[in-house]
Amino acid sequence: MNWNQAIVLINANIVVGMCLDPALQYRYVVQIPPYPCFRYGFNGLPGFRIQVGSRDYIEVPIIMLQNLYSWAKAYGGIYDRQIFHQNYPYHLKSKSCFVHSVGKLFEQAGIAIQLNAHQYRLL
């Protein structure tokens, strides 16, 4: 699968109100593109807003998903904390839940499967 196929699945399968991880109390999609992401210096790029706490959220722009997808594909098709850290160290330091949330976005979109608690294999 390439990025063009992956983004079609992401847009088709990730919807407002979706629970990304039923094992956790919070991990709900509360906004979808064209939601403008402004936190963490994203300057209004379209993306997703994900609830990660009772009063906290993260913003995941589509360009972030594309970059992480491309990097994971280039490094054996595995998405994990190391891939995220190589690309977004500031974001990881700010909110470590970015790694899991992106992995769950990939999984729920149907473009990855979770291998273990820390790794996802892209399809």
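Biologist: How many bridges join S5 to strand S7, and what makes the two count as paired?

Modeller: Three bridges join S5 to S7 (residues 119-122), and the two run antiparallel. Strands pair if DSSP finds at least two bridges between them, so S5 and S7 qualify. One spot to look at: Asp80 stands opposite Gln119 in S7. By the way, this is a predicted model, where local features need pLDDT of at least 70 and side-chain atom pairs count only at pLDDT 80 or more, while totals for chains, interfaces and linings use all residues. Residues are numbered from 1 along each chain as its sequence is written, and side-chain values use heavy atoms, leaving out hydrogens and water.

Biologist: What makes S5 and S6 edge strands?

Modeller: The open sheet has three strands in the order S5-S7-S6, paired antiparallel. Strand S5 (78-80) and strand S6 (112-116) each pair on one side only, which makes them the edges. Strands here are DSSP runs of E, at least two residues, and helices are runs of H or I, at least four residues, both numbered from the N terminus.

Biologist: How do you know that helix H5 packs on that sheet?

Modeller: H5 (residues 97-109) touches S5, S6 and S7, and contact means heavy atoms within 4.5 Å.

Biologist: Why is Val30 called buried, exposed or partly exposed?

Modeller: Buried means under 20% relative accessible area, exposed means over 50%, and partly exposed lies in between (1.4 Å probe, protein chains only). Val30 has 28%, so partly exposed is the right label. Val30 sits in strand S1 (residues 28-31) and touches Val16, Arg49, Ile50 and Gln51, not counting residues up to four places away in sequence.

Biologist: How do you know whether Cys19 and Cys97 are in disulfides?

Modeller: A disulfide needs two cysteine sulfur atoms within 2.5 Å. For Cys19, the closest cysteine sulfur is in Cys97, 14 Å away, so that's too far for a bond. For Cys97, the closest is in Cys37, also 14 Å away and too far. A search of the whole structure finds zero disulfides. Cys97 is buried, at 14%, while Cys19 is partly exposed, at 23%.

Biologist: What makes the span of helix H2 agree with what you'd expect?

Modeller: The expected span is 1.5 Å times one less than the number of residues. H2 (residues 62-74) has 13 residues, so it should span 18 Å, and its end C-alpha atoms are 18 Å apart.

Biologist: Which residues of H2 are buried, and where do they fall around the axis?

Modeller: Ile62, Met64, Leu65, Leu68, Tyr69 and Ala72 are buried. They fall within an arc of 155° (taken from the directions from the helix axis to the C-beta atoms), so they line one face of H2.

Key. Axes fitted to C-alpha atoms, helices over the stretch in contact; angles between N-to-C directions.
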